[in-house]
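How do two packed helices sit against each other? Two values describe this: the angle between their axes and the distance between the axes. Look at the structure with that in mind.

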Amino acid sequence: MNSVQTLLNKGLSLLILIVVLLTTLPCKALESKTINLGFPENFPPFFFVNDDGSHGGISYDIVMQLLNSLGYEVTTIQYDNMQSLLVDMEMGSLDIAVHLTATKSRSEIAFFTKTPHIYETQNFIVRADAPIQYSGQLLQIASKRIGAINGWTHGEDFDNAKFLNKVFVNDSVQQMKGLMSGRYDVAVNNPLFFFDIAEHMQIAKAFKVLQPEIANLPVNIAISKKTTEAQQLVKTLDKAVQQFIETDSYQMLLLQYGFLSQDEASN
């Protein structure tokens, strides 16, 4: 009788173990496959929220396709500005930023894919009637007040130039209004994005872009160092980016968002 009771006890213990595994393992797997994805203010054609609440942009579409192919369930968060995004990434409440250029300070809180999925130019932008000249030397702008966006990188040379008179603002609309009102003489931004805003505000003709660009920034995916298995995830995503940029799907996205012309796409 004791041997029968012993077998029953062992059987019960095994059953309890199986039940525990069945109820806990799926939860852990689900948690490891859930990702919080973020981006700041609308930045077309790289990332944005449409009027109907849907999301788009070349960086957003690329990262979403990669995460979906890897089996992740994605929650998308839009922030008011870059500073708020970086704070949440440092705290670990945001896992991935879809569009970020690595800098020394950002690399302290996030791992970055090594392979860029797109490039982003930064240019000086002035009022259309401004006689300001620029041929590639930052010293030419040293006497001007420059509107820059807090939390952004505008290229290493610009970021580290202590001799420039920088006026920091929180977002691009504030930047544009400051340039219009004369709070500063020059803005620094991506021209595609800046003029998208200006066209919506029907003031695009009020501005012009100075050439050459001050930076051509490689854009990468950033993963918070607080994210579970972050180092493995960034390696997986980097490999996925390398493979994706060789596909026709990537070429179609470049064409869709204006990074390629029809002729370039057909070559």
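In this predicted model, helices α2 and α7 are roughly perpendicular to each other. That label follows because the angle between α2 and α7 is about 115 degrees, and angles of 65 to 115 degrees count as roughly perpendicular. The axes of the two helices are 10 Å apart. Their crossing is right-handed.

Which residues make the contact between α2 and α7? The table lists them by helix.

| Helix | Range | Residues in the contact |
|---|---|---|
| α2 | residues 58-69 | Ile-62, Gln-65, Leu-66, Leu-67 |
| α7 | residues 230-244 | Leu-237, Ala-240, Val-241, Phe-244 |

By class, this contact of α2 with α7 has 7 nonpolar residues and 1 polar residue. It has no charged residues. A general point helps when reading such lists. An α-helix has 3.6 residues a turn, so residues three or four places apart point the same way.

Now move to helix α8, which spans residues 248-256. Which of its residues are buried? They include Tyr-250, Leu-253, Leu-254 and Leu-255. Just after α8 comes Gly-258, with a positive phi of about 85 degrees.

The last stop is a loop. Thr-103 lies between β5 (96-100) and β6 (110-112). Is Thr-103 buried or exposed? Its relative accessibility is 19%, so Thr-103 counts as buried; the cut-off is under 20%. Thr-103 and Gly-155 are 52 residues apart along the chain. Their C-alpha atoms are separated by 9.1 Å.

Notes:
Residues are numbered from 1 along each chain as its sequence is written. This is a predicted model: local features need pLDDT of at least 70, side-chain atom pairs count only at pLDDT 80 or more; totals for chains, interfaces and linings use all residues. Side-chain values use heavy atoms; hydrogens and water are left out. Helices (H or I, at least four residues) and strands (E, at least two) are DSSP runs, numbered from the N terminus. Buried means under 20% relative accessible area, exposed over 50%, partly exposed in between (1.4 Å probe, protein chains only). Axes are lines fitted to C-alpha atoms, for helices over the stretch in contact, and angles run from 0 to 180 degrees between N-to-C directions. Angles under 35 degrees count as roughly parallel, over 145 as roughly antiparallel, 65 to 115 as roughly perpendicular and the rest as oblique. A crossing is left-handed if the near helix is turned anticlockwise from the far one by less than a right angle, and right-handed if clockwise. Contact means heavy atoms within 4.5 Å. Ala, Val, Leu, Ile, Met, Phe, Trp, Tyr, Cys and Pro count as nonpolar, Asp, Glu, Lys and Arg as charged, and the others, Gly among them, as polar.
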